[in-house]
Amino acid sequence: MSKAKAKAKQVKGKLKETAGSAMDDKKMQTEGSTEQMSGKAEGMATKAGDKMKKARGTH
């Protein structure tokens, strides 16, 4: 996943979490929070992969 897609997933999750909070919908809040964390993890994995490529000289 690209860094941009990971960031978009984080933003989408934050919006969903905020909407869930505004509507007092715990399920939506949890889904949003989970989506945010997933986006963060994917972003970190992409960043780590980029660093590995750079270290090997294949970037």
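This is a short talk on the fold, the salt bridges and one loop residue of a predicted model.

Hi everyone, and thanks for having me. Please keep in mind that we are looking at a predicted model. Let's start with the whole chain. What is it built from, in helices and strands? The protein chain has two helices and zero strands. Helix α1 covers residues 3–22, helix α2 covers 26–56, and a loop sits between them.

Now the overall shape. If you draw a box around the C-alpha atoms along the principal axes, you get roughly 50 × 15 × 10 Å. The radius of gyration tells a similar story: the protein chain has 15 Å, while a compact globule of 59 residues would have a value near 10 Å. As for what is hidden inside, 19% of the 59 residues count as buried. The accessible surface adds up to about 4400 Å², and carbon and sulfur atoms make up 60% of that.

How do distant parts of the chain meet? Take the contacts with a separation of 6 or more: 41% of them are between residues 24 or more positions apart.

On to the charges. The protein chain carries 15 positive and 7 negative charges, and the mean positions of these two groups are 11 Å apart. Some of the charged side chains pair up, and the structure holds six salt bridges. I'd like to walk you through a few.

One of them joins Asp-50 and Lys-3, with the closest N and O atoms 3.4 Å apart. Asp-50 belongs to helix α2 and Lys-3 to helix α1, so this pair ties together parts that are 47 residues apart in sequence. Asp-50 is partly exposed, because its relative accessibility is 23%.

Another salt bridge brings together Glu-35 and Lys-12, at 3.7 Å from N to O. Here again distant parts of the chain are linked: Glu-35 is in helix α2 and Lys-12 in helix α1, 23 residues apart.

Let's stay with Glu-35 for a moment. Is Glu-35 buried or exposed? With 13% relative accessibility, Glu-35 counts as buried, because the cut-off for buried is under 20%. And what is around it? Setting aside neighbours within four places in sequence, Glu-35 is in contact with Lys-9, Lys-12, Gly-13 and Lys-16.

The next pair stays within a single helix. Lys-27 and Glu-31 form a salt bridge at 3.8 Å, N to O. They are four residues apart in helix α2, so about one helical turn separates them. Lys-27 is exposed at 60% relative accessibility, whereas Glu-31, at 34%, is partly exposed. Through salt bridges that share partners, Lys-12, Lys-16, Lys-27, Glu-31 and Glu-35 are joined into one network. If you have the structure on your screen, try picking out those five residues.

Last stop: the loop. Asp-24 sits in the loop between α1 and α2. What is the phi of Asp-24? The angle is near 55°, a positive value in a residue that is not glycine. That deserves a second look, because most residues other than glycine have a negative phi. Asp-24 also counts as exposed, because its relative accessibility is 58%.

So, to recap: we have two helices and zero strands, six salt bridges, and a loop residue, Asp-24, with a positive phi. Thanks for listening!

Definitions and conventions. Residues numbered from 1 in each chain as written. Predicted model: local features only at pLDDT ≥ 70, side-chain atom pairs only at ≥ 80, totals over all residues. Heavy atoms only, no water. Buried < 20%, exposed > 50% of the residue type's maximum accessible area, 1.4 Å probe, protein only. Salt bridge = Lys/Arg side-chain N within 4 Å of Asp/Glu carboxyl O. Contact = heavy atoms within 4.5 Å. Rg over C-alpha atoms; globule rule 2.2 N^0.38 Å. Areas by Shrake-Rupley, 256 points an atom, 1.4 Å probe, with all protein chains shown as cover. Lys, Arg positive; Asp, Glu negative; His and termini not counted. Charge placed at Lys NZ, Arg CZ, Asp CG, Glu CD.
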